[in-house]
Amino acid sequence: MSARTVTINYNDKIVRQFLLATVLWGAVGMLVGVIVASQLNFWRVNFDLPWLTFGRLRPLHTNAVIFAFVGNMMFAGIYYSTQRLVKARLASDFLSSLHFWGWQLIIVAAAITLPLGFSRGKEYAELIWPINIAVAFIWVVFAVNFFWTLARRQERHLYVAIWFYIGTIITVAMLYIVNHLSIPTSITHSYPIFGGVQDALVQWWYGHNAVAFFLTTPILGIMYYFLPKAAERPVYSYRLSVIHFWSLVFVYIWAGPHHLLNTALPGWLQALGMTFSLMLWAPSWGGMLNGLLTLRGAWHKLRTDPVLKFFAAAVTFYGMATFEGPLLSIKSVNALAHYSDWIIGHVHAGALGWNGFMAAGMIYWLLPRLWNKPLHSVGLANLHFWLGLVGILLYVAAMWTSGITQGLMLNATTEGGTILAYPNFLETLNTIRPMMLFRIVGGGLYLIGWLLLAYNVWRSIAGAKAVDGSVDVFVADEAAHAGERLGVGRTFINPPVIFSTLGTVSACAWMFGGDFLKIVGLFGTILFVILAWAHFGARSGKWAEWYDRLLVSAAPFTVLTFIAVAAGGLIQIIPTVLVNRAQNVEDRIQVPYTPLELAGRDIYIREGCYNCHSQMVRTLVPDVLRYGRPGVADDYSRLGDSIYDYPYQWGSRRTGPDLAHVGGKYPDSWHYQHMLDPRAISPGSNMPNYPWLVDAATDVGALPAKLRVQRTLGVPYPDQSPAAVFAQVEEQSKAIAAGLKTAGIEVDHDREIIALIAYLQKLGKSEPAAASLGRKSEGQTSKVAAASATPTP
């Protein structure tokens, strides 16, 4: 086709829709955040209603902030910038509209199901399987629309922001699909295909990298577009952006295990997670410096321009959060910080300081351009900035203080490390209550600032006429670009790819191999780094030419990006699949739950108890002293203790004590009273009351389907008829109800409280691994019905 000039009219309607949804869902997510923060300090704010308890609202808060607030902001920024960077209208108005309305319906479905207790029991992955299928479908719609637009582009080379968008799309799809693989038992319930330590690893491979590739990489792409536009300055360093992108997408994917330090996770994976987390300092700060140095010559504008204020603060928070993350991945620091409010402060510094401020800056910059009307009030935007800044700093400072204080108290020992200095968990909780109150104040200030933004947006667009951008583009003859694209051979067989591959293989041999391989791998890593550096120094022009030609075609670039992110996941997950088997456990193995106990476990997950209680005694002396069982030496959690847990329940925050070995520690009557009125048993507790557990009947009818799926997953349940299952439940529940009656408590045996008590009393039940394997080798069926006896080490 001959060269010509065409006018391209951008689809900015979809940008306006996602922008307004960002404002709405941001307010909702932050409001729910203030409510759940208040519940931690004032238990009455739970209102004794099942759908308003902390355990059910906290997942609503996290999902609203991640997928509703940041998700809508991300889509608005990607759709606006991509059209202008590739000089092409979005490929399909229908797909764009389907993307928007489908995403909003997913958010509404989550907002309904999570408070009702429909949950998978995994952080940031709580949504039930029908909604997950919808998420995957809409993400594919987004990907098709995006890559189709790239295929129709008039700008041949892909700008740096597009690289981050490509990395986001393919990696989030991979992470979300793998972590949400489940086998349904009903329309609202399923069990993940991973269990125990394997589920823990996959969950934090997803959970950590959801932060990386949903909350970081797309926002970095937005930074690389909107920050130079607002500052009217070019990006500081193109070469630094290349290093930033490739090192980030390769290194980030390996760092998930740092969420599981000092646990039953195999030691090599813990070392892997810590090592790669420390390596993240370099690319993360490279990106931060690239952003801040882009403002060179424009710093004077910060005095009057709220957009640049938000962007500069956001990039600074990005640097702070990405310094703190590797710091928290150091084992000794993690021993203090994990399960404490320090982690909560770290997460919010990223979500509100980085994502929230980038969203605000982008919205204020886009408003006049999308509605052809000046911002209603620059003064209100500046006030929003200072309220938000003070709010997040107060929030983070309070959480740092709270987390370090509680961590020190929980780990403190006397008498040469043989006695806990603060044996009562509630003593530590009540010490940090003032800091928890400051969190409410900080979060409230941030919310007020966001409401000011919402008011400013409303006044700015009231009476305004929406406008779509357009541009005249000179379209060259396609034949003129025919020689720019790389062939398949040149894409993968070239010095950058070859040296990267050989260096990675050598490094893996060094880290994971035996004694001989470690030496070979170490020398190989050093050799290939030196050779790559020498070759780049001598032939840097060829490297640059290859990369420039790579950016002409999105397909090979996307394939290389996928290989970079998939390698780390495969190397971590595949060995863990082999390790997480009964024949590979240490000295003891979990006894499977009885049908009644399994029903109680699902109630535990429904109520979100994992948000406050862990089930993992770490390999730390204070943890063993506090949560280990009397007379059991080195009673930390083993790999086999949770091998049949689908999903795993190790937790990530201890607002209450660990429950890994709580079975048999207290009588049934204690658990009954504790669920109805926690403060009657534990004065000073901030746990909600659960009166509905006494009124609601256990869903016994769902158990045959649940047991069938558990057998499919490898849990050694006998193949029983529904009648046999119901009889087994009846027998155990009546025994618990009879025991409660002797303690003066009258309750029907078919109530949910009975099932939950059965589950709690089972926690910590295990048997010698040799005995379990011996029975299986003889072909005997596991006697699950007999597993409700007193827990044994």
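**Exercise 1. A hidden space**

Task: Find which residues lie nearest the centre of the second largest cavity.

Solution. Step 1: the lining of the second largest cavity is made up of 20 residues, and those nearest its centre are Asp-641, Ser-642, Asp-645, Ala-660 and Gly-764. Keep in mind as you work that this is a predicted model.

Step 2: now put a volume to it. The second largest cavity holds about 220 Å³ of space.

Step 3: place it in context. Seven cavities of 30 Å³ or more are found in the structure. Spaces like these come to light because rolling a probe the size of a water molecule over the atoms shows where empty space is left.

**Exercise 2. The largest pocket**

Task: Describe the largest pocket by its volume and its lining.

Solution. Step 1: its volume is about 1,900 Å³.

Step 2: count the lining. There are 44 residues around the largest pocket, with Trp-246, Ser-247, Pro-496, Ser-500 and Trp-543 nearest its centre.

Step 3: ask which helices take part. At least two lining residues come from each of α8, α9, α10 (281–293), α18 (495–512), α19 (515–550) and α20 (554–579).

**Exercise 3. A helix that lines the pocket**

Task: Take α9 and work out whether its length agrees with what is expected, then find where its buried residues fall.

Solution. Step 1: α9 has 13 residues, which should span 18 Å at 1.5 Å a residue. The end C-alpha atoms are 18 Å apart, so the two values agree.

Step 2: pick out the buried residues of α9, which are Leu-269, Gln-270, Leu-272, Gly-273, Phe-276 and Ser-277.

Step 3: look down the axis. These buried residues of α9 fall within an arc of 160 degrees, so they line one face of the helix.

**Exercise 4. The two sides of α27**

Task: Sort residues of helix α27 (residues 722–742) into a buried side and a face turned away from it.

Solution. Step 1: begin with the length. The 21 residues of α27 reach 30 Å from first C-alpha to last, close to the 30 Å expected at 1.5 Å a residue.

Step 2: list what is buried in α27: Val-725, Gln-728, Val-729, Gln-732, Ser-733, Ile-736, Ala-737 and Leu-740. They take up an arc of only 155 degrees around the axis, so they sit on the same side of α27.

Step 3: turn to the face away from that buried side. Here α27 carries the exposed residues Ala-723, Glu-731, Ala-735, Lys-741 and Thr-742.

Step 4: find the packing partners. The buried residues of α27 pack against α21 (595–606), α23 (668–676), α26 (703–712) and α28 (752–762).

Step 5: go just past the helix. Gly-744 there has a positive phi of about 90 degrees.

**Exercise 5. A covered helix**

Task: Decide whether helix α11 (residues 306–328) is mostly covered or mostly open.

Solution. Step 1: of the 23 residues in α11, 19 are buried, and the helix is mostly covered.

Step 2: check the length. The 23 residues should span 33 Å at 1.5 Å a residue, and the end C-alpha atoms of α11 are 32 Å apart, which agrees.

Step 3: inspect the start of α11. A side-chain oxygen of Asp-305 comes to within 2.9 Å of the backbone nitrogen of Val-307.

**Exercise 6. Unusual backbone**

Task: Locate Asn-262, Tyr-339 and Pro-647, and describe the backbone at each.

Solution. Step 1: recall the background. Most residues other than glycine have a negative phi, and most peptide bonds are trans.

Step 2: Asn-262 lies in the loop between α8 (238–251) and α9 (267–279). Its phi is positive, near 65 degrees. Asn-262 counts as buried because its relative accessibility is 7%, and the cut-off for buried is under 20%.

Step 3: Tyr-339 lies in the loop between α12 (331–337) and α13 (341–371). Tyr-339 is not a glycine, yet has a positive phi of about 70 degrees. With a relative accessible area of 4%, Tyr-339 is buried too.

Step 4: Pro-647 belongs to the loop between α22 (621–627) and α23. The peptide bond leading from Tyr-646 to Pro-647 is cis, with omega near 0 degrees.

**Exercise 7. Contacts of an arginine**

Task: Trace the partners of Arg-84.

Solution. Step 1: Arg-84 sits in helix α2 (residues 54–86) and is buried, at 16% relative accessible area.

Step 2: set aside neighbours within four places in sequence. Arg-84 then contacts Tyr-10, Asp-12, Tyr-225 and Gly-469.

Step 3: look at the polar atoms. The side chains of Arg-84 and Asp-12 are joined by a polar contact of 2.7 Å, and the Arg-84 side chain also reaches the backbone oxygen of Tyr-80 at 3.1 Å.

Note on methods. Residues numbered from 1 in each chain as written. Predicted model: local features only at pLDDT ≥ 70, side-chain atom pairs only at ≥ 80, totals over all residues. Heavy atoms only, no water. Helix = DSSP H or I, 4+ residues; strand = E, 2+ residues; numbered from the N terminus. Expected span 1.5 Å × (residues − 1). Buried < 20%, exposed > 50% of the residue type's maximum accessible area, 1.4 Å probe, protein only. Arc of directions from axis to C-beta. Contact = heavy atoms within 4.5 Å. Polar contact = N/O pair within 3.5 Å; in protein donor to acceptor, adjacent residues only side chain to side chain. 1 Å grid on protein atoms, 1.4 Å probe; cavity = no way out; pocket = protein on both sides within 12 Å on 5 of 7 lines; lining within 4 Å. Points joined across faces, edges and corners; volume = space filled by probe spheres on them.
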